[in-house]
Amino acid sequence: PYLVPVVILIVGPATWVEKFPEARGTRQSPVDIVTSRASSGGSAPPLVWRYSVNHPRSVVNPGYCWRVDENGYDSELRGGPLGSDVYKLQQWHCHWGSVNGEGSEHTVDGRAFSGELHLVHWNTSKYNSFTEAAGQPDGLAVLGVLLMVGSKHDELDKVVRLLPYIQHKGDKVTFSEPLNPANLLPKRIAYWTYPGSLTTPPCTESVTWILFKEPVQVSAEQVRLNLCYYVNGKNV
Ligand SMILES: O=C1NC(=O)[C@@H](c2ccccc2)S1
Ligand SMILES: [Zn+2]
């Protein structure tokens, strides 16, 4: 019998600590939300947001899903766990799994969802740029929206219908159709919040996570469109 060379390629989170020491930190994301251990919101002020609607946006294929850049247009996120600082939406993107039902980054009581939207904001009260804020413990605030298969999401479809045009990493398409990122959020805005990190390298511990409790429904076709274009960063 011939000797078969066995090469074990170790990629993914397990190797991130070698290159990104932050990944060894004490506030790493994503986490499993153990609902029984979450404390009640207490006296936190309401979380408020405002986004601009009628400005051109670009959808980019960064290689692991799709990302919509806000191109610096005005927006505001404040209140809740964010103290007196005002945050601005930089970009929003999604995480889908390779199989339906296991795409989310966060899990709730061990349960994964079909996908997870992230609206990434940075602290404009304290820092001068997204890049600077991304290195600070109170620099970023990410709104997380859990996605489950159900009825079609019309606002999200404004992006999903463009995916066939950005099938390769680096592809970008600009659209000027009015879109309100607030329409991507669930109706009920109860949320869990915890101090965490970027979920991808460099895993910097600079994110105040705000994960909405209520999942948002997207159609099976919308999940399929995402899956067939983005399976673990490879275009299939
Ligand atoms: O919420 C997150 N999702 C990601 O892909 C991470 C990230 C990494 C760099 C910039 C913006 C976001 S943090
Ligand atoms: Zn993300």
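Me: Buried means under 20% relative accessible area, exposed over 50%, and partly exposed in between (1.4 Å probe, protein chains only). Why, then, is threonine 204 called buried?

Reply: The relative accessible area of threonine 204 is 10%, and this value falls under 20%, so the residue counts as buried. Threonine 204 belongs to the loop between strands S11 and S12; strands (E, at least two residues) and helices (H or I, at least four) are DSSP runs numbered from the N terminus. Its C-alpha is 9.2 Å from that of arginine 27, although 177 residues separate the two in sequence.

Me: On what basis are such statements made?

Reply: The model is predicted, so local features require pLDDT of at least 70 and side-chain atom pairs pLDDT 80 or more, whereas totals for chains, interfaces and linings use all residues. Residues are numbered from 1 along each chain as its sequence is written, chains are lettered from A and ligands numbered from 1 in the order written, and side-chain values use heavy atoms, without hydrogens and water.

Me: What makes asparagine 71 and aspartate 109 partly exposed?

Reply: Asparagine 71 has a relative accessible area of 43% and aspartate 109 one of 48%. Both values lie between 20% and 50%, so both residues are partly exposed. Asparagine 71 sits in the loop between strand S4 (67–69) and strand S5 (75–79), and aspartate 109 in the loop between strand S7 (107–108) and S8.

Me: Why is the phi of these residues worth noting?

Reply: Most residues other than glycine have a negative phi. Asparagine 71, not a glycine, has a positive phi of about 50°, and aspartate 109, likewise not a glycine, also has a positive phi of about 50°.

Me: How do you know that His93, His95 and His118 are donors of the zinc ion (ligand 2)?

Reply: Donors are N, O and S atoms within 2.8 Å of the metal (3.2 Å for Na, K and Ca). The atoms NE2 of His93, NE2 of His95 and ND1 of His118 lie 1.9 to 2.0 Å from the zinc ion, so they qualify as donors. Along the chain, the donors follow the spacing H-x1-H-x22-H. Histidine 95 lies in strand S6 (residues 87–96) and histidine 118 in strand S8 (residues 115–123), so the pair ties together parts 23 residues apart in sequence. Histidine 95 and histidine 118 are both buried.

Me: Why is the site of the zinc ion (ligand 2) called tetrahedral?

Reply: The angles among its 4 donor atoms are 96 to 126°. Four donors count as tetrahedral if all angles lie between 85 and 135 degrees, so this site meets the criterion.

Me: What makes the approach of histidine 118 to ligand 1 a polar contact?

Reply: An N or O atom in the side chain of histidine 118 is 3.1 Å from an oxygen atom of ligand 1; a polar contact is a pair of N or O atoms within 3.5 Å, so the pair qualifies. Polar side-chain atoms of histidine 95 and threonine 199 each lie 3.4 Å from a nitrogen atom of ligand 1. Taken alone, ligand 1 exposes 330 Å², of which the protein buries 88%.

Me: Which peptide bonds are cis?

Reply: The bond joining serine 29 and proline 30 is cis, with omega about -5°, and the bond from proline 201 to proline 202 is cis, with omega near 10°. Proline 30 is in the loop between helix H1 (13–19) and strand S1 (32–33), and proline 202 in the loop between strand S11 (191–196) and strand S12 (207–212).

How values were computed. Four donors count as tetrahedral if all angles lie between 85 and 135 degrees; four count as square planar and six as octahedral if opposite donors are over 155 degrees apart and all others between 65 and 115; anything else is irregular. A polar contact is a pair of N or O atoms within 3.5 Å; within protein, one must be able to donate a hydrogen and the other to accept it, and residues adjacent in sequence count only if both atoms are side-chain atoms. Accessible areas come from the Shrake-Rupley method with a 1.4 Å probe; for residues, only the protein chains shown count as cover.
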